[in-house]
Amino acid sequence: MDHLSVFHREVLAFEAVVRRAADSGGSPLVPSCPGWSVADLVVHLGSVHRAVTHIVTRRLDGPPDTSDLTFLGLPADTHDWPRPEDAPHHGPLPTSLSGWFAAGAAALESVLADRAPDAWAWTWSAERTVGFWRRVQAVEASVHRWDAERALGTARPLEADFAADAIGHNFEVFVPARRTWRRVPAGAGERFGFRRTDGPGDWTVSFHGDDVRTADGTGPRDVEVAGTASDLLLFLWQRIPAERLDVTGDRRALDRYFALVPPV
């Protein structure tokens, strides 16, 4: 899977949505990101891009020091920019914000392309490689492109094979991480199935105390969720409801899943 190519395409699509929002003279609310407008989403994703660039280029051994935000490369005048403490930002989307985002995304793509996937880089995961950031930033760009398009109307699905790749990565990396970032109940052997309907892909994830175990789709399950790879990934990222998917078994078990795997 060429994650950099996915990142490139999704960032360009995100920028196109941002331009449409700017041309409209406002900043629509993002239904899938409660409390944010498109402008707030731009600030979030642009800040993430520049933070990752800073981590990789400076070979940091931890996240950037947020007491010094020079790594964000902010322009001298940000008086009309969104402020996180004032979200959602309803005013016009500043032209300078769009340019800042585009420059930061291009810089991150260049930095990740110039280094081997197995080159060392700090991450919030046990996998400390540039390849990890390629993959994670492709996922983030894809999901937030969908968020932005949804804010302006109809969102296009995520690329199918990429979404399937991201589902496996979600269970292996994001799910265990989310369980350490938040207070969550211990697993009691719950088993959840997720089956792709537009290509190969069948996953079982189970919870045992603090352990998360993944396997191919075998054995009994408390509930099975079936849908396209895009819809499954968007569901797991709590972008679309279960009603958009084919659920077999105890639908109430899905509430337990999201108790075991809280949102970021």
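Biologist: Let me get the wording right: buried means under 20% relative accessible area, exposed over 50% and partly exposed in between, using a 1.4 Å probe and protein chains only. Which of these is histidine 169?

Modeller: Histidine 169 counts as buried, because its relative accessibility is 2%. This is a predicted model, where local features need pLDDT of at least 70 and side-chain atom pairs need 80 or more, while totals for chains, interfaces and linings use all residues. Residues are numbered from 1 along each chain as its sequence is written, and side-chain values use heavy atoms, without hydrogens and water.

Biologist: Good to know. Where does histidine 169 sit?

Modeller: In helix α5, which covers residues 160–181. Helices here are DSSP runs of H or I with at least four residues, strands are runs of E with at least two, and both are numbered from the N terminus.

Biologist: And what is histidine 169 in contact with, apart from its neighbours within four places in sequence?

Modeller: Contact means heavy atoms within 4.5 Å. On that basis, histidine 169 touches Phe132, Arg135, Val136 and Phe174.

Biologist: Let's talk rings. How many aromatic pairs are there?

Modeller: The structure has 14 aromatic pairs. Rings of Phe, Tyr and Trp (its six-membered ring) pair if their centres lie within 6.5 Å; planes under 30 degrees apart are stacked, over 60 edge-to-face, and the rest tilted. Tryptophan 124 and phenylalanine 132 make an edge-to-face pair, with 5.1 Å from centre to centre and 80° between the planes.

Biologist: Are tryptophan 124 and phenylalanine 132 buried or partly exposed?

Modeller: One of each. Phenylalanine 132 counts as buried because its relative accessibility is 1%, whereas tryptophan 124 is partly exposed because its value is 26%. The ring of tryptophan 124 also pairs with that of phenylalanine 174: the centres are 5.3 Å apart and the planes are at 50°, so this pair is tilted.

Biologist: Which parts of the chain does that pair link?

Modeller: Distant ones. Tryptophan 124 is in the loop between α3 (95–113) and α4 (130–152), and phenylalanine 174 is in helix α5, 50 residues apart. Phenylalanine 174 has a relative accessible area of 7%, so the residue is buried.

Biologist: Which residues form an aromatic cluster?

Modeller: Phe171, Phe192, Phe194, Phe207, Phe235, Tyr257 and Phe258 form one together.

Biologist: Changing tack a bit: what lies over the face of tryptophan 237?

Modeller: That would be arginine 178, at 4.4 Å from the ring centre. A charge sits over a ring if NZ of Lys or CZ of Arg is within 6 Å of the ring centre and within 35 degrees of the ring normal.

Biologist: Now helix α6. How many of its residues are buried?

Modeller: Eight of the eight residues in α6 (229–236) are buried. Those are Ala229, Ser230, Asp231, Leu232, Leu233, Leu234, Phe235 and Leu236. Phe235 is also a member of the aromatic cluster we just went through.

Biologist: What do the buried residues of α6 pack against?

Modeller: A mix of helices and strands. The helices are α4, α5 and α7 (253–260), and the strands are β1 (187–196), β2 (202–209) and β4 (223–227).

Biologist: One last thing: which residue takes a positive phi just after α6?

Modeller: Glutamine 238 does, with a phi of about 55°.
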